[in-house]
Amino acid sequence: ESQAKATKALTEEIVKQSSITGGVCIGGFVFEFADEWWKDGAGSPAVHDVGGVAPGGGPYPDMTFNEEWWGLVGIDRTPRKAYWALRSVSIPSVEEQ
């Protein structure tokens, strides 16, 4: 839920500030396409662990960089809620302006 919420909010902010609509942003990048099960060094590469290293604290919602869960799709390429949230954002084109 929180990954989808953050993905949508950040993408909408990029669109709002887009050079196509008069802003200064020329694009954005979503990290990461697929979950990265090997990221938690204390965990197992065969298990979807919760945890990670967060110098100075991590991001929303639990203050930990849970990098193993950052993918828009799971390790088996099944779309996660963040994938559908990203797809729901309307991206303007030059032709529409």
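This is a short talk on a predicted protein model, going from the overall picture to a few residues and one pocket.

Okay, hi everyone. Please keep in mind that this is a predicted model, and the values I mention are computed from it.

Let's start with the whole chain. The protein has 97 residues, and 26% of them are buried. For secondary structure we get two helices and zero strands. The accessible surface is about 6600 Å², with 61% of that area belonging to carbon and sulfur atoms. And if you take the contacts between residues at least 6 apart in sequence, 53% of them join residues at least 24 apart.

Now the helices. H1 covers 2-16 and H2 covers 81-87, and in the loop between them sits His48. What does His48 touch, once you skip residues up to four places away in sequence? You get Asp35, Trp37, Glu68 and Trp69. With one of these, Asp35, the His48 side chain also makes a side-chain polar contact, at 3.3 Å.

On to the aromatics. How many aromatic pairs does a search of the whole structure find? It finds two. In one of them, the ring centres of Phe31 and Trp70 are 5.7 Å apart and the planes meet at 80°, so we call this pair edge-to-face. The cut-off there is an angle over 60 degrees. Both Phe31 and Trp70 lie in the loop between H1 and H2, so the pair ties together parts that are 39 residues apart in sequence. As for how covered they are, Phe31 has 41% relative accessibility, so it counts as partly exposed. Trp70 has 25%, which also puts it in the partly exposed class.

The other pair is Tyr83 with Trp84, again edge-to-face, with 4.8 Å from centre to centre and 90° between the planes. Trp84 comes out partly exposed at 47% relative accessibility. Tyr83 is partly exposed too, with a relative accessible area of 23%.

Let me stay with Tyr83 for a second. Tyr83 belongs to helix H2. Which residues is Tyr83 in contact with, leaving aside neighbours within four places in sequence? Those are Leu72 and Val73. If you measure from C-alpha to C-alpha, Tyr83 is 9.4 Å from Gln3, although the two are 80 residues apart in sequence.

Last topic, the second largest pocket. The space in there is about 210 Å³. Its lining has 15 residues, and the closest to the centre are Ile14, Val15, Gly27, Gly28 and Ile91. Which element gives the most to that lining? That would be H1, with three residues.

From that lining, let me pick out Val15, which sits in helix H1. Is Val15 buried or exposed? At 16% relative accessibility, Val15 counts as buried, because the cut-off for buried is under 20%. Leaving aside neighbours within four places in sequence, Val15 is in contact with Thr21, Val89, Ser90, Ile91 and Pro92. Ile91 is one of the residues closest to the pocket centre as well. Val15 and Ile91 are 76 residues apart along the chain, with their C-alpha atoms 6.6 Å apart in space.

So, to recap: two helices and zero strands, two aromatic pairs, a His48 to Asp35 polar contact, and a pocket of about 210 Å³ with Val15 among the residues closest to its centre. That's it from me, thanks!

Key:
Residues are numbered from 1 along each chain as its sequence is written. This is a predicted model: local features need pLDDT of at least 70, side-chain atom pairs count only at pLDDT 80 or more; totals for chains, interfaces and linings use all residues. Side-chain values use heavy atoms; hydrogens and water are left out. Helices (H or I, at least four residues) and strands (E, at least two) are DSSP runs, numbered from the N terminus. Buried means under 20% relative accessible area, exposed over 50%, partly exposed in between (1.4 Å probe, protein chains only). Contact means heavy atoms within 4.5 Å. Accessible areas come from the Shrake-Rupley method with a 1.4 Å probe; for residues, only the protein chains shown count as cover. A polar contact is a pair of N or O atoms within 3.5 Å; within protein, one must be able to donate a hydrogen and the other to accept it, and residues adjacent in sequence count only if both atoms are side-chain atoms. Rings of Phe, Tyr and Trp (its six-membered ring) pair if their centres lie within 6.5 Å; planes under 30 degrees apart count as stacked, over 60 as edge-to-face and the rest as tilted. On a 1 Å grid over the protein atoms alone, a cavity is a set of points where a 1.4 Å probe fits but cannot get out, and a pocket is an open set with protein on both sides within 12 Å along at least five of seven lines; lining residues have an atom within 4 Å of a point. Grid points are joined across faces, edges and corners, and a volume is the space filled by probe spheres set on the points.
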